[in-house]
Amino acid sequence: MLELKFIRENLELVKKAAKDKRFEADFDAIIRLDDERKSLILKVEDLKAKRNKATEEVARRKKAKENADELIAEMKKVGDDIKVLDEQLAQVEKNMNQVLLTVPNVPHPSVPDGSTPEDNQTIFTWGEAPKTDFEMKPHWDITQNLDLIDFVTGAKIAGSGFPVYKGYGAQLQRALINFFLDQAAINGYKEIQPPIVVNADSATGTGQLPDKEDQMYVVTRDEFYLIPTAEVPVTNIHRHSVLKAEQLPIKYAAYTPCFRREAGSYGKDVRGLNRLHQFDKVELVKFVHPGQSYDELESLRTDAEKLLQLLGLPYRVLLMCKGDMGFTQTKKYDLEVWSAGQKRWLEVSSCSNFEAFQARRMNIKFKSGNEKPEYVHTLNGSGLALPRIVAAIIENYQTDEGTVLVPKVLRRYMGVDVIKSH
RNA sequence: GGAGGAUUAGGCUAAUUGGUAAGUCAGCAGUCUUGAAAACUGCCGUCCGAAAGGACUUGGGGGUUCGAGUCCCUCAUCCUCCGCCA
């Protein structure tokens, strides 16, 4: 959410940003509602001031055993007027809030123009695609041959997109989770285990509600949402609070399962591990001083990249263009890993700066000494999403014998060097 | 799940049984001092406002009332007890 004042003072900038990001918002309504709001506040506060004075007078007269009936009758009327105006004001503010929630965040000046994925800039590539003299297989063949992942049984138990990991498949997942969390700890992130369901307030705070309700599984009986990412519960840790400046930056790492309905997605993208309804992810979340958020974005990206380098997986970094960036971000990098069997890039992390957009929505401030509290900047990025990493490892490290070499950094977690049929 | 009690600002603690949040410690700034401490002065919940000033604020949300920290309803959290349970 952007600040009303900011929108009014930078109307053209905000309008252009919305257009560049391909979102629509009713800016005329914002101006109109704000004018209404101001005049209502003026009226109602005036009446309240009058009432406050009068009740003091009532108290004084009562104490002096004088009669105050007339004044009380008069204030009863004023009270009714206040009630009506308060209701009008609440309605106007509610409407205003709804419109404000449709105004997207303003991209950082360093973000390239463009409206399609082709306009994203590849700013860095690392590693080389493995060269073999045999035909490299996609991971779904290998995981079936080695009995690592059972998609069919998962579909029986829950539905498609809920795979069952078995044996070394399950162990590889566990190894990756431990590896990612250990690396996060080395980089100064505190480990968090949050709830994997959230209430509506939390889902609204990070922007899942109201826009992306379709993408979440809902527990209607108890009004919970299954989290689509740990970003939701972890960012909400500090909802509605004032942090001390010395606490910043706060860095959290959380492993959780993630649940996504993926409504509307279909086609060959969904094959194997590429797109699941339930998957595991380690998410990195930061709360930082506004002056440092772009440096923190770079270091967040570096932290995520380092994981790919340690795993020896070739990848590239995309700087997302304005039109492909999403509603809440000011700047976003995607990390894509090379999938040697499918011969395509798979997104395994996106690292974003939200500036104060989420903080404003969630009311997360910081203050130093007696300074006025100020909104923090929030950032997050995956570090990393598991299934596509599993896919990339299995494909990039496959041998002509049909086995899979375990990346060196994972061997002490796995206890074996090679994944073979067992 | 049931019964009882509690929740006041960063911490602690008051508030005529309904009359409009008093203090204290910590913290910050200043005066004094070679420096510090002490002492003294000011600031010390949020918002609007250039200011004067005004509005809001006693765990959250509602209600009664001219007026609610105080009375009523509801939710949350904590404590005590009962029940259930891996």
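Contact here means heavy atoms within 4.5 Å. The exercises below concern a predicted model.

**Exercise 1. Overall organisation**

Task: Describe the dimensions, secondary structure and contact pattern of chain A.

Solution.
- Step 1. Along the principal axes, the C-alpha atoms of chain A occupy a box of roughly 100 × 45 × 45 Å.
- Step 2. Chain A contains 13 helices and 18 strands, and of its 422 residues 49% are buried.
- Step 3. Take the contacts in chain A with a separation of 6 or more: 74% of them join residues 24 or more positions apart.

**Exercise 2. Confidence**

Task: Determine which element of chain A has the lowest mean pLDDT and which the highest.

Solution.
- Step 1. For chain A as a whole, the mean pLDDT is 90, with 98% of residues at 70 or more.
- Step 2. Among the elements, the lowest mean, 80, belongs to strand S8 (residues 241-244).
- Step 3. The highest mean, 97, belongs to helix H10 (residues 293-311).

**Exercise 3. Two domains**

Task: State how chain A is divided and how many residues of each domain are in contact with the other.

Solution.
- Step 1. The domain assignment gives domain 1 (4-100) and domain 2 (117-419).
- Step 2. The centres of domain 1 and domain 2, taken over C-alpha atoms, are 43 Å apart.
- Step 3. Contact between them involves five residues of domain 1 and seven residues of domain 2.

**Exercise 4. The surroundings of Arg-360**

Task: Establish why Arg-360 has no salt bridge, and find a polar partner for its side chain.

Solution.
- Step 1. Arg-360 belongs to helix H11 (residues 357-362) and is buried.
- Step 2. The nearest side chain of opposite charge is that of Glu-3, 4.2 Å away. A salt bridge requires a distance within 4 Å, so Arg-360 has none.
- Step 3. A polar atom of the Arg-360 side chain lies 2.5 Å from the backbone oxygen of Met-1.
- Step 4. Not counting residues up to four places away in sequence, Arg-360 touches Met-1, Leu-2, Glu-3 and Tyr-375.

**Exercise 5. Classifying three residues by accessibility**

Task: Decide whether Thr-204, Tyr-165 and Ser-352 are buried, partly exposed or exposed, and describe their contacts.

Solution.
- Step 1. The limits are under 20% relative accessible area for buried and over 50% for exposed.
- Step 2. Thr-204, in helix H8 (residues 200-205), has 28% relative accessibility and is therefore partly exposed. Its side chain reaches the backbone oxygen of Ala-200 at 2.7 Å. Beyond four places in sequence, Thr-204 touches Leu-209 and Arg-361.
- Step 3. Tyr-165, in strand S3 (residues 164-165), has a relative accessible area of 21% and so is also partly exposed. Setting aside neighbours within four places in sequence, its contacts include Leu-148, Ile-149, Leu-273 and Leu-276.
- Step 4. Ser-352, in strand S13 (residues 344-353), is buried because its relative accessible area is 2%. Outside four places in sequence, the residues touched by Ser-352 include Leu-297, Gln-329, Thr-378 and Asn-380.

**Exercise 6. An enclosed helix**

Task: Explain why helix H12 (residues 386-396) is described as largely enclosed.

Solution.
- Step 1. Count the buried residues of helix H12: eleven of the eleven are buried.
- Step 2. Among them are the charged residues Arg-388 and Glu-395, together with Leu-386, Ile-389 and Val-390.
- Step 3. Because eleven of its eleven residues are buried, helix H12 is largely enclosed by the rest of the structure.

Key. Residues numbered from 1 in each chain as written. Chains lettered and ligands numbered in written order. Heavy atoms only, no water. Helix = DSSP H or I, 4+ residues; strand = E, 2+ residues; numbered from the N terminus. Buried < 20%, exposed > 50% of the residue type's maximum accessible area, 1.4 Å probe, protein only. Polar contact = N/O pair within 3.5 Å; in protein donor to acceptor, adjacent residues only side chain to side chain. pLDDT = per-residue confidence, 0-100. Domains from an automatic or database assignment.
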